[in-house]
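Grab a pencil and work through these exercises with the model open beside you. Try each task before you read its solution.

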Amino acid sequence: MRELLSTTAERAICYLEDLGTRSVAPSIDAVARLASLDIPLSNEPTSPESILQQLDELGSPATMAMAGPRFFGFVIGGSLPAALAASWLITAWDQNSGLYNVTPATAALEQIALGWLLDVLKLPPESGGAFVTGATVANFTALAAARHAALAKAGWNVEADGLFGAPPITVIVGAEVHPTVLKALGMLGLGRSRVVTVPVDSQGCMRLDALPPMTGSTIVCVQAGNVNTGAFDPFQQICERAHDVGAWVHVDGAFGLWAAAAPSRAYLVEGIEGADSWATDAHKWLNVPYDSGVAFVRDPDALRAAMAITADYLPTVSEYRNPADYTPELSRRARGVEVWAALRSLGRIGLSDLIERTCRYARRFAEALTSAGYHVLNEVVLNQVLVSFGTPEITKRVIDDIQADGTCWCGSTLWQGHTAMRISVVCWATTDADVERSIEAILRIAAKYKGPVKK
Ligand SMILES: *Cc1c(COP(=O)(O)O)cnc(C)c1O
C-alpha cells in the first residue's frame, strides 16, 4: 500500500506541475483514447498499480485543465495546495462525519471552519451552517429551513405532514435566478414554475420598482453575483421590505458572497448579513477541491428542524454540534476540513488578496479587449467579463478557436439576447503572466475575424 500511495502521489504531483504548460483543453486524440477503457468487467481482480497506471496514462491527458491557471470557463476554481493535501489526508481518515461523538476530529474542524466562514463572509456569527456538495444543495438546504419557518409560522409542521393541504407559500425570484435555485424549489415541493418572477435591469439585477407585494408566507430568493455579469440584486432594500412583513430572504451567493473578504469589493455585499439564509460555494472562489458548498441560516433551529433526524442506534445526543443535524446527508465526507485548511493557509490577507487579484485580472481582460475594439457587455464589478467579437457567428467561432488553441479556455453564453464569450477569473494559481498570455492568444485569434478597418 505504501508504494501504491507514494507512486500515486508522485503521479498527481506530475499532473499538477504539467498544468501550467499543457493545452488547457484535452486533445481530440486523448479523448478518443478513453474508448480503450470501455471493456467488459473482468472476472479476475486487477492489481492497483496497473489500475493507477491506466488512470494516469489514459485519464490524465483527457482531463480539462480546470485546476490550472488559464481555465476561465464557467465559475471554477482550482485547489489550493493546503486544501488538496488536506483532502488526501481526510480521504485516508475515511470518517463518516455525521456525529460528533463518533468522529470528533472532523466534527470539531468543521465547526471551527463554519465560525471562520461566518467571520470572513461577515454573516451573523450565531448562524447555523451545513457543509454540502455545492451551491445547488446549499440552496436546497437553506430553502428547506425557509420552508420550515414559513409554514411553522402558519401552524403547519411540513417535515411531519408534508405539503399536501399546507398553507401556500409565495416564492419570489428574479428573472436572472440561477437554475439551481429553481431546481432546489422543485425538490422542496415549492415548484420550479410556481414562482413569481421579478424583471431585471441590464446587468441582471431585480428591479425594485417591479417587486410584488409580500406577506409573511413569502420567501424571496435574491442573488449575490450573477453567473454572467457578476451583478448583485438590491438585497438591502429587498430585505427591508421583506422583513417589514415577516418574509424570508434567501441569498444565492455561490461566488458573490466572497466579495465580503476583499476591501475594494466589500461594498457589493454591504447589508447582506440582513438576510435570513445564504448559500455559497467553497469549490469556486475559495479554491478547495470538489465538491464543496456551504449553507448558512440565521436561525440555526430552523435549519436543524428541517434536517435533523434521530434513531435509537444513532448516538445523536451530544454537547457539541452534530454535522448531520444540519445537512441533507447522514454519512458524508468531511469536506469542511478542506475549507478549514484553505482558510488557515490563506489567512485573512491571503483570502482578500485572492479575491482582489482575480477581480483585478477580470478588469485587465475587459480593458485589453475594449482597447482592441471589442465590446464588453457588462459592468465588470467582480470577476466576470462578457465580450462580443462582432456578430454571434464570429463570437462563436472565436470561442471555438480559443478552446482549440489550448492557451486558455473560455466559455460562451447568451446574455440578454447577445452571444458573448464569458471570462471568469477564479483560480488561486492565475498570475499576471497567465492573464497577459491569455489576452495575447484571444486577441491573436479574434484578429483573424476582424473586418477591414473603416476610416
Ligand atoms: C455555480 C452557481 C450555482 C450552482 O453551484 P454548484 O456548486 O454547481 O451546485 C448556483 N448559483 C450561482 C449564482 C452559481 O454561480
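**Exercise 1.** How many aromatic pairs does the structure hold?

*Solution.* Before counting, know what you're looking at: this is a predicted model, where local features need pLDDT of at least 70, side-chain atom pairs count only at pLDDT 80 or more, and totals for chains, interfaces and linings use all residues. Residues are numbered from 1 along each chain as its sequence is written, and side-chain values use heavy atoms, leaving out hydrogens and water.

Now the rule: rings of Phe, Tyr and Trp (its six-membered ring) pair if their centres lie within 6.5 Å; planes under 30 degrees apart are stacked, over 60 edge-to-face, and the rest tilted. The structure holds seven such pairs.

**Exercise 2.** Classify the pair W116 and W340, and find where its two residues sit.

*Solution.* Step one: the ring centres are 6.2 Å apart and the planes lie at 15 degrees, so W116 and W340 are stacked. Step two: W116 belongs to helix α5 (residues 104-120) and W340 to helix α11 (residues 335-371), so the pair links distant parts of the chain, 224 residues apart. Helices here are DSSP runs of H or I with at least four residues, strands are runs of E with at least two, and both are numbered from the N terminus.

Step three: check accessibility. Buried means under 20% relative accessible area, exposed over 50%, and partly exposed in between (1.4 Å probe, protein chains only). W116, at 31%, is partly exposed, and W340, at 24%, is partly exposed too.

**Exercise 3.** Do the job again for F255 and W285: are they buried or exposed?

*Solution.* Geometry comes before accessibility: the centres are 6.4 Å apart and the planes at 65 degrees, so this pair is edge-to-face. F255 lies in the loop between β5 (248-252) and β6 (277-281), and W285 in the loop between β6 and β7 (293-297), so the pair ties together parts 30 residues apart in sequence. Both residues are buried.

**Exercise 4.** In what order do the seven strands form the sheet?

*Solution.* Two strands pair if DSSP finds at least two bridges between them. Follow the pairings and you get an open sheet, β1-β7-β6-β5-β4-β2-β3, with mixed pairing. At the edges are β1 (128-132) and β3 (196-198), each pairing on one side only. Zoom in on β4 (residues 218-223): this strand and β5 pair in the parallel sense over five bridges, and V220 stands opposite V249 in β5.
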